[in-house]
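Subject: Structure for you to look at

Hello,

Please find the structure we spoke about below. My notes on what was found in it follow.

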Amino acid sequence: MSTDNPQLDAQGNLKHFLTIDGLSRDLLIEILDKAEGFLGVAQQAVKKVPLCRGKVIANLFFENSTRTRTTFELAAKRLSADVLNLNISTSATAKGETILDTLRNLEAMHVDMFVVRHASSGTAHFMARHADPHVSIINAGDGRHSHPTQGMLDMFTIRRHKGDFSRLRVAIVGDILHSRVARSQILALKTLGAAEVRVIAPRTLLPTRAEEAFGVSVHHDLREGVRDADVIIMLRIQRERMNSALLPSEHEYFRLFGLTEERLATAKPDAIVMHPGPINRGIEIDSQVADGRRSVILEQVSNGIAVRMAVMSMCIGTQNLNAQGAGEVYA
Ligand code: CP
């Protein structure tokens, strides 16, 4: 089989994980099923499996992170890999070293996989294009473009609560314009066959022609937007990506688009509330909702470890296949 998707090897196996765009439903289901198998590792006395033993995984976070960086590190350690965490603020990046030179130098230390977060869209794709043939690149968030493991851990969390996607009505609320998470979630939901995906936002926080671009319905009224929804995903207001005043004030934003118990009343009684984090209490979500019985926000964090183990082990499996031939994976 030949493929022109830069994330897949010639046999169609996952080699890099850069975006959900262009991945098949079967491949997304494979990630979710593998992650299901990894959930139990957290309950073992020794929280480790040997799938990436002898491999070296480097975390390169050029942007701040709490959840993604630590869950990637834990996932790599649970797969028995050796983990390098490059501290970007004290690295040679601060002296002007290019990302390509950083890549080359770490490749010279026989790093097998890079997990990269960067403020510029396309950074992970760029690294994948220039990496040594045996090296895998995992996108941990690039600009406004993509955050594919976040998208997949959100799908995993939804599937564990709701099962089949085909009857689901999902509402995504907030700063769609700047959100790489929303882009990955929408792509994954459409690929997995969700019945309806809605986005709810002020006009200033929506991309132009969002309906056509994303294949979603657009709402500007929160109560109407979450009506009969099975899943409500709240997004953070990304002030760091705004280069003009797109909101009158945070107080005004909360008044119109903040999720409160009262506004949640139009959703289905068993609707779940999600948020990729970090949450801004009192801006996009009320504490009562964030900490309430319908919130699965901390489950999303836990599930991130299993989903990242799945993605990393699949990419390493492809490296092993290509190095040794089929049938000797994880030898
Ligand atoms: N969801 C998410 O990307 O969180 P962090 O910025 O803490 O990694």
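A polar contact here is a pair of N or O atoms within 3.5 Å. Please keep in mind that the model is predicted.

By that cut-off, Q150 makes a polar contact with the ligand, because a polar side-chain atom of Q150 lies 3.0 Å from a ligand nitrogen atom. Two further side chains each have an N or O atom facing an oxygen atom of the ligand: the distance is 2.6 Å for T68 and 3.0 Å for H147. On its own the ligand has 250 Å² of accessible area, and the protein covers 91% of this.

Which residues surround the ligand? They are S65, T66, R67, T68, R117, H147, Q150, P276 and G277. By type, this shell divides into 1 nonpolar, 6 polar and 2 charged residues. Domain 1 (25–146 + 302–324) and domain 2 (148–300) each supply at least three residues of the shell. As for the site itself, the ligand sits in the largest pocket.

There is also enclosed space to report. Rolling a probe the size of a water molecule over the atoms shows where empty space is left. The structure holds 1 cavity of 30 Å³ or more, and about 60 Å³ of space lies in the largest cavity. Its lining is made up of R67, T71, Q150, L153, P276, Q300, V301, G304 and R308. R67, Q150 and P276 are among the residues that line this cavity, and they are also among those that surround the ligand.

Regards

Methods:
Residues numbered from 1 in each chain as written. Predicted model: local features only at pLDDT ≥ 70, side-chain atom pairs only at ≥ 80, totals over all residues. Heavy atoms only, no water. Near = heavy atom within 4 Å. Polar contact = N/O pair within 3.5 Å; in protein donor to acceptor, adjacent residues only side chain to side chain. Areas by Shrake-Rupley, 256 points an atom, 1.4 Å probe, with all protein chains shown as cover. 1 Å grid on protein atoms, 1.4 Å probe; cavity = no way out; pocket = protein on both sides within 12 Å on 5 of 7 lines; lining within 4 Å. Sits in = over half its atoms within 2 Å of the grid points. Nonpolar A, V, L, I, M, F, W, Y, C, P; charged D, E, K, R; others polar. Domains from an automatic or database assignment. Points joined across faces, edges and corners; volume = space filled by probe spheres on them.
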